[in-house]
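Me: I should be grateful for a close look at a single part of this protein, followed by an account of how that part sits within the whole. Please begin with the residue that comes just after the second helix.

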Amino acid sequence: MSKKNGIKSVLRLFSGEGYKGSKDYIHTQRVYEILRTVLYFGIALALFAAGYIATGDKLNLLTVVAVLGCLPASKSAVSMIMFLRYKGLSRETAAELAPCEGELSCLYDMVFTSYSKTFEVGHMAVRGNTVCGYSEKSEFPEKDFQTHLEPILKADGHKNVTVKIFTDLEKYKERLRQLQALESETGNTEGIVQTLKSVVL
């Protein structure tokens, strides 16, 4: 990752473009988490150093403050490690999918976590009661994902929702075109989108 791209990613984050489901979300959030973690630990280290320089002893009030400051820093580090594990949808694939989106409600870089597995879905499209997605992982555990997601959708009042994840890009592009061609839309598209956003990393 170049310095220029890193700065652009942070600017996108603070301009509102780094929200869940947006393009490059994982990349943008990763940069943010790294910078935040470095900053938090830097502040704690600076406080410790200031206290030691001022008193000549490690046992001082600023050391206590520095230790307490390690708590949010450690929490930030955990979040950083989580985002470092995932790459998000490649920009080449995103460029291929863009012409197929049309007026569909689409989401990017969706990482769903369960107690036993993590499901990384690079792109998702929602129309009515249909949710489809694309994963760049060739061995995506689709049945496990459906088992994980369907109760969540039902709990939010979204019933009879069809969930299908593709690992073949051409088939997924064709499915997006089919969704666009549907004459009418039934179901709560926006509600389903918000539910999906609420349960991802």
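Reply: Just after helix H2, Gly56 adopts a positive phi of about 75 degrees. The model considered here is a predicted one.

The helix that precedes this glycine, H2, covers residues 25-55. Helix H2 contains 31 residues, and the distance from its first C-alpha to its last is 45 Å, close to the 45 Å expected at 1.5 Å a residue. Its buried residues include a run at the start of the helix, namely Tyr25, Ile26, His27, Thr28, Gln29, Arg30 and Val31. Further along H2, Glu33, Thr37, Ala44 and Gly51 are buried as well.

Two of these buried residues, Glu33 and Thr37, lead to a neighbouring element. Ser76, a residue of helix H3 (residues 61-84), touches Glu33, Arg36, Thr37 and Tyr40, when residues up to four places away in sequence are not counted. The side chains of Ser76 and Thr37 are joined by a polar contact of 2.7 Å. Ser76 has a relative accessible area of 1% and therefore counts as buried, the cut-off being under 20%.

The wider setting can be described next. The protein comprises seven helices and four strands, and their order along the sequence is α-α-α-α-β-β-β-α-β-α-α. Of its 201 residues, 41% are buried. Where contacting residues lie at least 6 apart in sequence, 66% of the contacts join residues at least 24 apart. The accessible surface amounts to about 11600 Å², and carbon and sulfur atoms account for 58% of that area.

At the other end of the numbering, helix H7 (residues 189-198) has buried residues of its own: Thr189, Gly191, Ile192, Val193, Thr195 and Leu196. The elements that cover them include strands S1 (105-113), S2 (118-127) and S3 (130-134), together with helix H5 (142-155).

Aromatic side chains complete the description. Seven aromatic pairs are found in a search of the whole structure. One aromatic cluster is formed by Phe112, Phe119, Phe140 and Phe145. Elsewhere, Lys164 is placed over the face of Phe166, at 5.6 Å from the ring centre.

To return to the part requested, Gly56 with its positive phi follows directly on H2, and Thr37 of that helix is among its buried residues and shares a polar contact with Ser76.

Notes. Residues numbered from 1 in each chain as written. Predicted model: local features only at pLDDT ≥ 70, side-chain atom pairs only at ≥ 80, totals over all residues. Heavy atoms only, no water. Phe/Tyr/Trp six-rings, centres within 6.5 Å; stacked < 30°, edge-to-face > 60°. Lys NZ or Arg CZ within 6 Å of the ring centre and 35° of its normal. Helix = DSSP H or I, 4+ residues; strand = E, 2+ residues; numbered from the N terminus. Buried < 20%, exposed > 50% of the residue type's maximum accessible area, 1.4 Å probe, protein only. Contact = heavy atoms within 4.5 Å. Areas by Shrake-Rupley, 256 points an atom, 1.4 Å probe, with all protein chains shown as cover. Polar contact = N/O pair within 3.5 Å; in protein donor to acceptor, adjacent residues only side chain to side chain. Expected span 1.5 Å × (residues − 1).
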